[in-house]
Amino acid sequence: LWIGTLGGLSRYDGSNFTNYTIRNGLRSNPVWSLAVDSADDIWIGGASDLCMYNGRTFVHYPKRLHQTTRGINSTQQIAIAHDTVWWRVSGDVYFVSGDKISYYPTPGPMGFVTSIFAGSDGLWIGKDGVLYHLFPNGCDTIRFELADEQARPNIYRIFRAADGVIWVATSGGLFRVEKEHMVSCP
């Protein structure tokens, strides 16, 4: 069991905890996001970099500042699909492919990315109350079905159920994706 804490990365083996901090190779102690890839490498989102721990060493991928970067933000997410690591941090999206980290320009107007989901069918991005589905040959824009006076809710999480349905957790409740719209659940 791997746990990200404000004091570093902790591993629980069923009996004991082993802690990893800047003394062991982290760039900063607060760990804001974690994920495991197909090779069982641990991906760690910190304040200023994404880091991979392979059980022996830490490999660091510092993010480059971009025009849309809003500073340090502890709300992060790491999603992994097809050996590509996606990192949402400070409202921006980065990806690691091979040994290089790159900024990913997201679709739509300039805005704040609040959630990502990497699936076998492409990348899903929640940005300013709109859901974008990016796939190899294009991008779908999926909007909420709301009454005229309702503001678009913030998208907090995107996930896929076992039956393949995409669900979106928002500030306005739970929605499911149906064709090119998000429909509220009763």
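Colleague: Let's start with strand 2 and strand 3: in which sense do they pair, and over how many bridges?

Modeller: The general idea is that strands of a sheet pair through backbone hydrogen bonds, either parallel or antiparallel. In this predicted model, strand 2 (residues 8-12) pairs with strand 3 in the antiparallel sense, over four bridges. To see one such partnership, look at Ser 10, whose bridge partner in strand 3 is Asn 19.

Colleague: What sheet do those strands belong to, and what is its order?

Modeller: They sit in an open sheet of three strands, ordered 1-2-3, with antiparallel pairing. The edges are strand 1 (2-5) and strand 3 (17-20), each of which pairs on one side only. From one strand to the next, the twist averages 25°.

Colleague: And where do I find the four-strand sheet in the order of strands?

Modeller: Look for the order 8-9-10-11, another open sheet with antiparallel pairing. Strand 8 (76-81) and strand 11 (100-104) are the edge strands, each pairing on one side only. Ignoring direction, neighbouring strands of this sheet are turned by 25° against each other on average. Inside that order, strand 9 (residues 84-89) and strand 10 (residues 92-97) run antiparallel and are joined by five bridges. Trp 87 stands opposite Tyr 94 in strand 10.

Colleague: Now strand 6. Is it enclosed or open to the outside, and why?

Modeller: For burial, the cut-off to keep in mind is under 20% relative accessible area. In strand 6 (residues 49-53), five of the five residues are buried, so the strand is largely enclosed by the rest of the structure. You can check that face by face: Asp 49, Cys 51 and Tyr 53 are buried on one side, and Leu 50 and Met 52 are buried on the other.

Colleague: Which strands does strand 6 pair with?

Modeller: Strand 5 runs antiparallel to strand 6, with four bridges joining them. The two form a hairpin with three residues between them, and Ile 42 stands opposite Tyr 53. Strand 7 also runs antiparallel to strand 6, joined by five bridges. That makes a hairpin with four residues between the strands, and Gly 55 in the turn has a positive phi of about 100°. Across this pairing, Tyr 53 stands opposite Phe 58 in strand 7.

Colleague: Tyr 53 and Phe 58 are aromatic. Which residues form a cluster with them?

Modeller: Trp 2 and Tyr 20 join Tyr 53 and Phe 58 in one aromatic cluster.

Colleague: How many aromatic pairs does a search of the whole structure find?

Modeller: The search finds 13. One of them is Trp 43 with Tyr 61, a tilted pair at 5.5 Å centre to centre, with 35° between the planes. Tilted is the label because the angle falls between the cut-offs of 30 degrees for stacked and 60 for edge-to-face. The pair links distant parts of the chain: Trp 43 is in strand 5 (residues 42-45) and Tyr 61 in strand 7 (residues 58-62), 18 residues apart.

Colleague: Are those two buried or exposed?

Modeller: Trp 43 is buried, with a relative accessible area of 6%. Tyr 61 counts as buried too, at 7% relative accessibility.

Colleague: What about Phe 117: where is it, and what is it in contact with?

Modeller: Phe 117 is in strand 12 (residues 113-119), and at 18% relative accessibility it counts as buried. Leaving aside neighbours within four places in sequence, its contacts include Gly 122, Leu 123, Trp 124 and Ile 158. From Asp 49, Phe 117 is 68 residues away in sequence and 20 Å away in space, C-alpha to C-alpha.

Colleague: Last topic, empty space. How much of it lies in the largest pocket, and which residues line it?

Modeller: The largest pocket holds about 170 Å³ of space. It has 13 lining residues, and the closest to its centre are Trp 86, Gly 119, Gly 122, Leu 123 and Leu 134. Strand 9, strand 12, strand 13 (122-127) and strand 14 (130-135) are the elements that each give two or more residues to that lining.

Colleague: And which residues line the largest cavity?

Modeller: Among them are Leu 26, Pro 30, Ile 44 and His 60, along with Asp 49 and Cys 51, which you met on one face of strand 6. About 40 Å³ of space lies in this cavity.

Definitions and conventions:
Residues are numbered from 1 along each chain as its sequence is written. This is a predicted model: local features need pLDDT of at least 70, side-chain atom pairs count only at pLDDT 80 or more; totals for chains, interfaces and linings use all residues. Side-chain values use heavy atoms; hydrogens and water are left out. Rings of Phe, Tyr and Trp (its six-membered ring) pair if their centres lie within 6.5 Å; planes under 30 degrees apart count as stacked, over 60 as edge-to-face and the rest as tilted. Buried means under 20% relative accessible area, exposed over 50%, partly exposed in between (1.4 Å probe, protein chains only). Two strands pair if DSSP finds at least two bridges between them. Contact means heavy atoms within 4.5 Å. Axes are lines fitted to C-alpha atoms, for helices over the stretch in contact, and angles run from 0 to 180 degrees between N-to-C directions. On a 1 Å grid over the protein atoms alone, a cavity is a set of points where a 1.4 Å probe fits but cannot get out, and a pocket is an open set with protein on both sides within 12 Å along at least five of seven lines; lining residues have an atom within 4 Å of a point. Grid points are joined across faces, edges and corners, and a volume is the space filled by probe spheres set on the points.
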